[in-house]
Amino acid sequence: TYSFVVGTGGTGGTGGSSATRGNDGGDTWFGSNTTIIAYGGGGGLAGTSSDGGYGGTGGGGNSYTGGNGGTGTTKISGGGGSSAGNAANGTSSSSNTGATAPSGGGSGGNGSNDITNNGTGSNGAYPGGGGGSGGQDGNGGSGGNGKIIIATSCELINIYNTTNSIT
C-alpha cells in the first residue's frame, strides 16, 4: 500500500488598504512526505509592486522547480509563474502575463493589467501554475492543484485532486 497527497493550489491574496498575501500551495507527495515530495509555491501579495510566489522543489529521483511570479509595477500586477514540467524547471513571469509552462506543466495566471479598475488576477492552470496578482483593490488568482503521475511497464496512472492510498 502506498500513501499519497495531491496538494491544492494556494488561494489568491486580497487587495485594498489592508492587502493580504495569498496562501501557499499545498505539498504533493508519494509514499510519505519524506520519500518523494514537491513543495507548493509561496503565495504572492496582491496590489502594487508585489512579488509573485516562489516555486516548489521536487524530492526523490528527478527534481524540478516551479517558476517565480512576476513583480508588479504601479499600474500592472505580476503574472504567475508556471509549474515545473515532466523534465524541466518551470518558467518565471517577467510581466503581467502568466508564464508558459514546459511540457506536462501548468501555466501561470495573468495578473491584472488595470490597477485603477481593481482587476482580479487569473487563476493558474492545472497542474500547479501560480495565480496572477490582482489590482490595487482586486484579489489575486489561485494557484493550480498539484499532480502525481505513476508510470509502470503495463499502465499509466494519473492522480489528482485527492488524498488517498493505493495498493
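This report describes the overall make-up of a predicted protein model and then the surroundings of Ser 83.

**Whole protein**

The protein has 6 strands and 0 helices. Read from the N terminus, its elements follow the order β-β-β-β-β-β. The protein consists of 167 residues, and 39% of them count as buried. Its accessible surface amounts to about 8200 Å², with 45% of that belonging to carbon and sulfur atoms. When contacts between residues at least 6 apart in sequence are taken, 36% of them join residues at least 24 apart.

**Ser 83**

Ser 83 sits in a loop; the loop runs between strand E3 (36-38) and strand E4 (148-151). Is Ser 83 buried or exposed? Its relative accessibility is 10%, and because buried means under 20%, Ser 83 counts as buried.

The side chain of Ser 83 takes part in the two polar contacts listed below, each with a backbone atom of another residue.

| Side chain | Backbone partner | Distance |
|---|---|---|
| Ser 83 | nitrogen of Gly 106 | 2.7 Å |
| Ser 83 | oxygen of Pro 127 | 2.8 Å |

Both of these partners, Gly 106 and Pro 127, also appear among the residues in contact with Ser 83 once its neighbours within four places in sequence are left aside. That set further includes Gly 66, Gly 90, Ala 101, Pro 102 and Gly 105, as well as Gly 128 and Gly 129.

Taken together, Ser 83 is a buried loop residue whose side chain reaches the backbone nitrogen of Gly 106 and lies 2.8 Å from the backbone oxygen of Pro 127.

How values were computed: Residues are numbered from 1 along each chain as its sequence is written. This is a predicted model: local features need pLDDT of at least 70, side-chain atom pairs count only at pLDDT 80 or more; totals for chains, interfaces and linings use all residues. Side-chain values use heavy atoms; hydrogens and water are left out. Helices (H or I, at least four residues) and strands (E, at least two) are DSSP runs, numbered from the N terminus. Buried means under 20% relative accessible area, exposed over 50%, partly exposed in between (1.4 Å probe, protein chains only). A polar contact is a pair of N or O atoms within 3.5 Å; within protein, one must be able to donate a hydrogen and the other to accept it, and residues adjacent in sequence count only if both atoms are side-chain atoms. Contact means heavy atoms within 4.5 Å. Accessible areas come from the Shrake-Rupley method with a 1.4 Å probe; for residues, only the protein chains shown count as cover.
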